[in-house]
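The following explanation is intended for a reader who meets this structure for the first time. It proceeds from the whole chain to its interior, and then to its aromatic rings.

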Amino acid sequence: MELPSFVVVGPPRTGTSWLHKVLEPHATLPSPTKETRFFDLHFERGLDWYRRRFPRPAHGPVGEVAPTYFASADARHNIASTIPDAKIVFIFRNPVQRAVSLYRMKCAYGRIPSDFEEALRTDPELINSGLYWTQLAEWRALFPERQLLITTYDDLVNTPQAFVDTVTDFIGMREIRLTASQAQRVYSSERMTQPRSYVATRAATLFADWCKSRGLDQVVASVRTSSFIKLFLGGGKPLPDISPSAIQKLSEIFRPEVEGLECLLGRGLETWKVQDGVHQE
């Protein structure tokens, strides 16, 4: 089994689940779960373990959609040492909206029990994965520019066909024509609530992580598509709104990162720097 020729490295909450569903029929991606976490968490398990995460025989180019890799130094260096010729795809989104969306998803899955401002202090990923310019500089130090594609969530939402065309052309895949349903977002934390029981949901999430690390992906996939999932996801109170002061704090942290990205892309991202009415999804 050949190793990936492309990796979509996220970061999280930038439409990677949607892109995975679009690419899946046309490329060989890990199955039955989307993320192997090989390059950031399980690298010591070896390439044979990693290869077993992919279906056989291969159809189309081999790749992975793995949003946790973006802010991981281990992932960057492990990818560079293992598949140095791989194409790397980034999807950047208004960093404040993205951090709020990631927080809400983690709350729903029992990974964060605290309010947003406390979570910013205790969960480094919420901020680190939004340091676009800083993290991107580390990727650019390891890979030539011709192997890096920078895209935006704005383009994914506003012009999904053109977005997919850009990605498929970059990774060397045949054209994919989106259906009407594919042109809509397939996943959003807007529908999420707090869990009925934080303890039960947290335990289920940790068990799912344990299963995936041991190759029991089918167990996780089966539960996810069954009615049992309702025991762990949803049913609780609405997810909390975020205070204006927290939004302002994040905006100030991320502003230099956005400005660096603007210079690189030659494209204005003013709406990413003005957070009035930020979508809390």
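**From the surface to the interior**

The protein chain has an accessible surface of about 13,300 Å², and carbon and sulfur atoms account for 53% of that area. The model under discussion is a predicted one. Its protein chain comprises 281 residues, of which 49% count as buried. In terms of secondary structure, the protein chain contains 12 helices and six strands. Contacts across the sequence are also informative: when those between residues at least 6 apart in the protein chain are considered, 79% join residues that are at least 24 apart.

The interior may be approached through its nonpolar cores. The largest nonpolar core consists of 29 residues, and Tyr69, Ile88 and Phe90 are those with the most contacts inside it. Two or more residues of this core come from each of helix H2 (47-51), helix H3 (73-82), strand S3 (87-92), helix H7 (132-142) and helix H12 (244-265). Another core, of 22 residues, lies apart from this one; Leu23, Leu29, Ile176 and Leu178 are among its members.

Strand S3 deserves closer attention. Five of the six residues of S3 are buried, so this strand is largely enclosed by the rest of the structure. Strand S1 (residues 6-8) runs parallel to S3 and is joined to it by three bridges. Strand S4 (residues 148-152) is likewise parallel to S3, and five bridges connect these two strands. Within these pairings, Val7 has Ile88 of S3 as its bridge partner, while Phe90 stands opposite Ile150 in S4. In a regular strand, the side chains point alternately to the two faces of the sheet.

Which residues, beyond its neighbours within four places in sequence, are in contact with Ile88? They are Val7, Val9, Ile79, Trp139, Phe143, Gln147, Leu148, Leu149 and Phe170.

The aromatic residues form a further theme. The structure holds 18 aromatic pairs. One aromatic cluster is formed by Phe38, Phe39, Phe43, Trp49, Tyr50, Phe54 and Tyr69. Tyr69 thus belongs to this cluster and is also one of the residues with the most contacts inside the largest nonpolar core.

Aromatic rings are also met by charged side chains. Phe170, which is in contact with Ile88, has the charged end of Lys87 over its ring, 4.9 Å from the ring centre. Arg93 lies over the face of Tyr153, and here the distance to the ring centre is 4.4 Å.

How values were computed
Residues are numbered from 1 along each chain as its sequence is written. This is a predicted model: local features need pLDDT of at least 70, side-chain atom pairs count only at pLDDT 80 or more; totals for chains, interfaces and linings use all residues. Side-chain values use heavy atoms; hydrogens and water are left out. Rings of Phe, Tyr and Trp (its six-membered ring) pair if their centres lie within 6.5 Å; planes under 30 degrees apart count as stacked, over 60 as edge-to-face and the rest as tilted. A charge sits over a ring if NZ of Lys or CZ of Arg is within 6 Å of the ring centre and within 35 degrees of the ring normal. Helices (H or I, at least four residues) and strands (E, at least two) are DSSP runs, numbered from the N terminus. Buried means under 20% relative accessible area, exposed over 50%, partly exposed in between (1.4 Å probe, protein chains only). Contact means heavy atoms within 4.5 Å. Accessible areas come from the Shrake-Rupley method with a 1.4 Å probe; for residues, only the protein chains shown count as cover. A nonpolar core is a set of buried Ala, Val, Leu, Ile, Met, Phe, Trp, Tyr and Cys residues joined through side-chain atoms within 4.5 Å. Two strands pair if DSSP finds at least two bridges between them.
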